[in-house]
Amino acid sequence: MKLRIDKLFLYRYRFIIGYSILGLAFILILIILPLIAPGGISSAEMQSAVNSHNVFENFANGNLINLPYHLLQNASINLFGLSIYAIKLPSIILGFATGILLILLLNRWFKTNVALLASIITVLSPIFLFLAGSGTPAILYIFWIILILWLGAKIVGEKSVSPLIFLAFVASVILSIYTPHLIYIAFGIGLVALTRPHIRFAIKKTKIPQLIVALSVIALLIIPLIVACIVRLTTLQEIFFATDPGSYIDNVINAFTPFFSFSAAIESDFLSPLFGLATVTLIIIGIIASMRVLFTSRNTAVSLLVIFAIIISGLNPSAAVIIFIPAAILVAVGLESVLEKWYSLFPTNPYARVFGIFPVAAFVAIIVISGFIYTVFGYHYSPNVAKQFNNDISLINKDLPFGTTLLVPKDTLEYDFYKILETDGRLTVSSVLPDRTSNCIASLGHWGEEVDLKLTTIITSSKSQNSDRLYIYNCSE
């Protein structure tokens, strides 16, 4: 009996099996990676937690920048307490949603085999895993754009548009404006809608009730931001430009250096390089392949996003992460080109076509596994990156007894950050020595003032250059 490859179970269900394995690996890595690499929080994450803790006060004062993210982070901290995982949980959730949307987007623009391989490389890449495990709103830059691209593709590519899809598209565009500089994306979408005849025709065909609901959603979501810009002009400045832009050229250079530089001397929250040589090679192949068919929707998206990322990074270097999206698309184009070349060598040989998957799969596996190992060990042992993070909050939650007074210098980010701990009454945060009581006193590092207290414990940390991080004093007579 002649063996037919297309009848084999693994061949028939290869894509279902592949996406299932990818999904399970993706979820598992997102859950455990933030606690492994970098294993701490940065100053930017501490500031984000402070902003989220004060989100309703900031709302009253007109500070609505990244409001959706800070609401999520506020809920996470209130629900689970101030901890490394609670700070990072909103990014984990948004990272998972972003990964799913990217997979769906790539499936819409590429064949399933290409989309699967490209999805594995991109959603398990060091840069994406870092963004999905960083407790800052940086993940929003790629989340909103990928969501808008996917919903836009659903609208443009269909003869009849679902009202829910249309409303989701409108809401996502408006909510993205709360993230600095993404208002230019909204302007671009509006310009495309006005200049493309088939989009204008689709809008004209929209039923009046649907338009009323859409306009109501726009008003409901945009009015708070408009009021905030009137109350606090800094909000308007942050949305369009930057509060402290600095040197434009230096910002662009500093923004993109961690992506491709192999120098270990760079001081950044990002582990450099964020794109390995194999991934860069696929991107270059994708650029060359894209030149053959310039005028496609995906090539237009790539070109506009690259230009947008470069321009905006001069105002805000953190916005350079937008380059991840065109990089993911170009990786898919590169893989598509490689597979097409292989298939063209054996146009009628089914065995060659099937067995050609194995070297490609091995290549992808090497990229993913080496990238994961590089991420885990790099954030622990690369000195200029590792020192950007600390695990002080874990030490405090684990080693300080109930009722401890934590000494922190006032008018510092640390003081505002650890003040959040007072909400559950377990600790008191102070900038001055309290009166002698039976309770313990602790400080991050040796307290600089002369104190007549008995030092009982020193807690060490691998994240501290001097190892001794938490000093605990017994205040009893």
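Reader: I would like to learn how to read aromatic pairs in a model such as this one; how many does a search of the whole structure find?

Author: A search of the whole structure finds nine aromatic pairs, and I should say at once that the model is a predicted one. To read a pair, look at how far apart the ring centres lie and at the angle between the ring planes, since planes under 30 degrees apart count as stacked. In the case of phenylalanine 26 and phenylalanine 96, the ring centres are 6.0 Å apart and the planes meet at 20 degrees, so this pair is stacked. The two rings come from distant parts of the chain, with phenylalanine 26 in helix α2 (residues 14-36) and phenylalanine 96 in helix α6 (residues 84-109), 70 residues apart.

Reader: Is phenylalanine 26 buried or exposed, and which class does phenylalanine 96 fall into?

Author: Burial is read from relative accessible area, where under 20% counts as buried and over 50% as exposed. Phenylalanine 26 has a relative accessible area of 3% and is therefore buried, whereas phenylalanine 96, at 32%, is partly exposed. Ring pairs also link Phe26 and Phe96 with Phe128 and Phe324 into a cluster.

Reader: Turning to the nonpolar core, which residues touch the most other members of the largest one?

Author: A core is read as a set of buried nonpolar residues joined through their side chains. The largest one here has 113 residues, and Leu131, Phe259 and Ile322 touch the most other members. Helix α9 (residues 139-156) supplies the largest share of this core, 13 residues. Another core, of 25 residues, lies apart from it and includes Ala49, Tyr418, Ile420 and Val429.

Reader: With which residues is isoleucine 322 in contact, leaving aside its neighbours within four places in sequence?

Author: Isoleucine 322 is in contact with Tyr141, Ile142, Ile145, Leu182, Leu305, Phe308 and Ala309. For the whole protein, buried residues make up 49% of the 477 residues, and among contacts between residues at least 6 apart in sequence, 72% join residues at least 24 apart.

Reader: What should I look for in the sheet, and in which order do its five strands stand?

Author: The general idea is that strands of a sheet pair through backbone hydrogen bonds, either parallel or antiparallel. In this protein, which has 23 helices and five strands, the five strands form an open sheet in the order β2-β1-β3-β5-β4, with mixed pairing. Strands β2 (427-430) and β4 (454-460) stand at the edges, each with a single partner strand, so one side of each has no neighbour in the sheet. From one strand to the next the twist averages 25 degrees.

Reader: How many bridges join β1 to β2, and how many pair β1 with β3?

Author: Strands β1 and β2 run parallel and are joined by four bridges, with threonine 404 standing opposite leucine 427 in β2. On pairing with β3 (residues 440-444), β1 (residues 404-407) is again in the parallel sense, over three bridges, and the bridge partner of threonine 405 in β3 is isoleucine 441. As for the side chains of β1, Thr404 and Leu406 point one way and Thr405 and Leu407 the other way, and all are buried.

Reader: Which helix lies across these strands?

Author: Helix α22 (residues 392-399) lies across β1, β2, β3, β4 and β5 (468-474), and runs at about 30 degrees to β5.

Reader: How should I read a backbone angle, and what is the phi of histidine 181?

Author: Most residues other than glycine have a negative phi, which makes a positive value worth checking. Histidine 181 has a phi near 75 degrees, a positive value in a residue other than glycine; this histidine 181 lies in the loop between α10 (163-176) and α11 (183-195), and at 1% relative accessibility it counts as buried.

Reader: Where is aspartate 411 placed, and is aspartate 411 buried or exposed?

Author: Aspartate 411 is in the loop between β1 and α23 (413-418), and at 74% relative accessibility aspartate 411 counts as exposed. Its phi is also positive, at about 60 degrees, although aspartate 411 is not a glycine.

Terms used. Residues numbered from 1 in each chain as written. Predicted model: local features only at pLDDT ≥ 70, side-chain atom pairs only at ≥ 80, totals over all residues. Heavy atoms only, no water. Core = buried A, V, L, I, M, F, W, Y, C linked by side-chain atoms within 4.5 Å. Buried < 20%, exposed > 50% of the residue type's maximum accessible area, 1.4 Å probe, protein only. Helix = DSSP H or I, 4+ residues; strand = E, 2+ residues; numbered from the N terminus. Contact = heavy atoms within 4.5 Å. Pairing = 2+ DSSP bridges. Axes fitted to C-alpha atoms, helices over the stretch in contact; angles between N-to-C directions. Phe/Tyr/Trp six-rings, centres within 6.5 Å; stacked < 30°, edge-to-face > 60°.
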